Amino acid sequence: VYLPDSLQEIQREAFYAVENLYTITIPDNVMQISNYAFALCWNLSNVYLGENSKLPRISYSAFANSGINSIRIPAGVSTIAQSAFEGCRNLTSVTFAQNSKLPSISAYMFKGADNLQTITFENGSALTSIQAHGLEGMKNLTSVDFGDAKLTNIDNYAFRYCESLQSISIPEGVTYIGRFAFYGDKSLSRFDLPASIDYIGR
């Protein structure tokens, strides 16, 4: 599928359940990927978003239950809705580009993406919050690299049942860790906390 450089919007369900879609390059001028745009595209393994992409938002369930195996989110994306990558069982790595404008990981963004192993925030990230249930249930997650993000808040259940997570270093500046944030992380053997912590929930 070729998408022209002039394209600005991919509308709701535009490629919903297209079986023969394997690779897609999103043109830099696209400003909107709407709800369910690529949902249920089981064979869609490669999605390319350029470094100069103007995309500000990835909408609800935009790539839900697709076959994506890795993705690099361009810096201009400031909003990723709930369930954007829900059920992406082939997804193993997610990278947020340098100077990412995304301020938070929303609830259930990766729900059911059971094979997600690594999440990387390159330097300059605007990330400040992991919302409640943000990365809950990522049972194969082994590494989260926050880079130099100015994270301040890790909310309730944020990393609950991340059973393969062995170590995590909470960045300086985090003041709040909510209830059950790391509950059920049975492989966690190293947990580095900064001096800035004011509150840790039960």
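Colleague: Which residues make the nonpolar surface patch of about 250 Å²?

Modeller: Keep in mind that this is a predicted model. One member, L193, sits in the loop between β16 (190–192) and β17 (199–200). The patch of about 250 Å² is made by F191, L193 and I200.

Colleague: Is L193 buried, partly exposed or exposed?

Modeller: Buried would need under 20% relative accessible area, and exposed would need over 50%. L193 comes out at 42%, so it falls in between and counts as partly exposed.

Colleague: And L3, is that one buried or exposed?

Modeller: L3 is found in the segment before β1 (9–10). Further along the chain, it touches I10, F15, I24, T25, I26 and P27. Its relative accessible area is 11%, and because the cut-off for buried is under 20%, L3 counts as buried.

Colleague: How far apart in space are L3 and F38, C-alpha to C-alpha?

Modeller: In sequence, L3 and F38 are 35 residues apart. In space, C-alpha to C-alpha, the separation is 14 Å.

Colleague: Which residues have the most contacts inside the largest nonpolar core?

Modeller: Nonpolar side chains tend to be buried together in soluble globular proteins. Here the largest core has 58 residues, and those with the most contacts inside it are F38, F85 and F159. The elements giving it two or more residues are β2 (23–26), β4 (46–49), β6 (70–73), β8 (93–96) and β10 (118–121). As for F159, its contacts beyond four places in sequence include I130, L135, F146, F182 and Y183.

Colleague: Which residues make up the covered face of β2?

Modeller: In a regular strand the side chains alternate between the two faces of the sheet. In β2, the uncovered face has T23 and T25, while the covered one has I24 and I26.

Colleague: Which residue in β4 stands opposite T23?

Modeller: β2 and β4 pair in the parallel sense, over four bridges. Across from T23, in β4, stands N46.

Colleague: Which are the edge strands of the open sheet of five strands?

Modeller: The order is β9-β11-β13-β15-β17, with parallel pairing. At one end, β9 pairs with β11 (residues 129–130) over two bridges, and S104 has S129 as its bridge partner. Each edge strand pairs on one side only, and these are β9 (104–105) and β17.

Colleague: How many residues apart in sequence are the parts that R72 and E51 tie together?

Modeller: The two side chains meet in a salt bridge at 2.6 Å, N to O. R72 lies in strand β6 and E51 in the loop between β4 and β5 (57–58), so the parts tied together are 21 residues apart in sequence.

Colleague: Is E51 buried or exposed?

Modeller: Its partner R72 counts as partly exposed, at 30% relative accessibility. E51 has a relative accessible area of 51%, and because the cut-off for exposed is over 50%, E51 is exposed.

Colleague: What about E136, which forms a salt bridge with R160: buried or exposed?

Modeller: The closest N and O atoms of that pair are 2.5 Å apart. E136 lies in the loop between β11 and β12 (143–145) and R160 in the loop between β13 (153–154) and β14 (167–169), so the pair ties together parts 24 residues apart in sequence. At a relative accessible area of 17%, E136 is buried.

Colleague: Which residues are joined into one network by salt bridges that share partners?

Modeller: The whole structure has six salt bridges. Those that share partners join E51, R72 and E122.

Key
Residues are numbered from 1 along each chain as its sequence is written. This is a predicted model: local features need pLDDT of at least 70, side-chain atom pairs count only at pLDDT 80 or more; totals for chains, interfaces and linings use all residues. Side-chain values use heavy atoms; hydrogens and water are left out. Buried means under 20% relative accessible area, exposed over 50%, partly exposed in between (1.4 Å probe, protein chains only). Contact means heavy atoms within 4.5 Å. A nonpolar core is a set of buried Ala, Val, Leu, Ile, Met, Phe, Trp, Tyr and Cys residues joined through side-chain atoms within 4.5 Å. Patches are made of residues with over 30% relative accessible area and no salt bridge: like charges are joined within 9 Å, nonpolar side chains (Val, Leu, Ile, Met, Phe, Trp, Tyr) within 5 Å. Accessible areas come from the Shrake-Rupley method with a 1.4 Å probe; for residues, only the protein chains shown count as cover. A salt bridge is a side-chain nitrogen of Lys or Arg within 4 Å of a carboxyl oxygen of Asp or Glu. Two strands pair if DSSP finds at least two bridges between them.
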